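Grab a pencil and work through a few exercises on the model below. Try each task yourself before reading the solution.

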Amino acid sequence: MKIRIIKEECIACGVCADIAPEVFEMGDDVALVKIDEVPESEQDAVREAAESCPTEAIVIEE
Ligand code: SF4
């Protein structure tokens with residue numbers, strides 16, 4: 001699983017980094033993806049983060 005964040009959509013609310021801190025971190029004004037390939041153990045958390053993102057800025061590319 002790979003993911004990316006649509007920077008123009010991200011409002012830096014911090015929800016994704018709260019849900020999946022191994023995968024997301026907060027930059028100055030957008031969330032950043034810390035890893036290139038999401039390991040199996042983090043995929044549920046990533047899906048939850050994507051569903052929880054208020055602006056649907058997290059794109060999952062299976
Ligand atoms: S949950 Fe969505 S809007 Fe909030 S910081 Fe993460 S990517 Fe940005």
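What follows is a set of tasks, each with a worked solution.

A word on ground rules: this is a predicted model, in which local features need pLDDT of at least 70, side-chain atom pairs count only at pLDDT 80 or more, and totals for chains, interfaces and linings use all residues. Residues are numbered from 1 along each chain as its sequence is written, and side-chain values use heavy atoms, with hydrogens and water left out.

**Exercise 1. The ligand site**

Task: Find which residues come nearest to the ligand, and work out how its shell divides into nonpolar, polar and charged residues.

Solution. Start with the neighbours, meaning residues with a heavy atom within 4 Å of the molecule. There are 13 residues around the ligand, and C10, C13, G14, C16 and C53 come nearest. Next, sort the shell by type. Ala, Val, Leu, Ile, Met, Phe, Trp, Tyr, Cys and Pro count as nonpolar, Asp, Glu, Lys and Arg as charged, and the others, Gly among them, as polar. That gives eleven nonpolar residues, two polar ones and no charged ones.

**Exercise 2. The core**

Task: Say how many residues the largest nonpolar core has, and which elements supply it.

Solution. First, the rule: a nonpolar core is a set of buried Ala, Val, Leu, Ile, Met, Phe, Trp, Tyr and Cys residues joined through side-chain atoms within 4.5 Å. Buried means under 20% relative accessible area, exposed over 50%, and partly exposed in between (1.4 Å probe, protein chains only). The largest such core has 19 residues, and I3, I5, F24, V46 and I58 make the most contacts inside it. Now look at the elements, which are DSSP runs numbered from the N terminus: helices are H or I with at least four residues, strands are E with at least two. Strand 1 (2-5), helix 1 (15-19) and helix 2 (40-52) each supply at least two residues of this core. Helix 2 gives the largest share, four residues.

Finally, zoom in on I3. Contact means heavy atoms within 4.5 Å. Apart from neighbours within four places in sequence, I3 is in contact with V23, F24, V33, V38, V46, V59 and I60.

**Exercise 3. Two positive phi values**

Task: Where do A12 and E56 lie, and are they buried or exposed?

Solution. Begin with the background: most residues other than glycine have a negative phi. A12 goes the other way, with a positive phi near 55°. You'll find A12 in the loop between strand 1 and helix 1, and its 32% relative accessibility makes it partly exposed. Phi of E56 is also positive, near 55°. E56 sits in the loop between helix 2 and strand 4 (58-61); at 62% relative accessible area, E56 is exposed.

**Exercise 4. K34 and E25**

Task: Place K34 and E25, then list what each one touches.

Solution. K34 is in the loop between strand 3 (31-33) and helix 2. With 41% relative accessibility, K34 counts as partly exposed. Skipping residues up to four places away in sequence, K34 touches P21, E22, V23, F24 and E25. One of these, F24, is ten residues from K34 in sequence, with 5.6 Å between their C-alpha atoms.

Then turn to E25, found in strand 2 (residues 24-26). E25 is partly exposed as well, at 37%. Its contacts, again leaving out neighbours within four places in sequence, are A17, V30, A31, L32 and K34. E25 and I35 are ten residues apart in sequence and 10 Å apart in space, C-alpha to C-alpha.

**Exercise 5. I11**

Task: Which residues does I11 contact beyond its sequence neighbours?

Solution. Locate I11 in the loop between strand 1 and helix 1. I11 is exposed, at 54% relative accessibility. Setting aside neighbours within four places in sequence, I11 is in contact with P54 and T55. As a last check, the C-alpha atoms of I11 and A57 are separated by 8.7 Å, with the two residues 46 apart along the chain.
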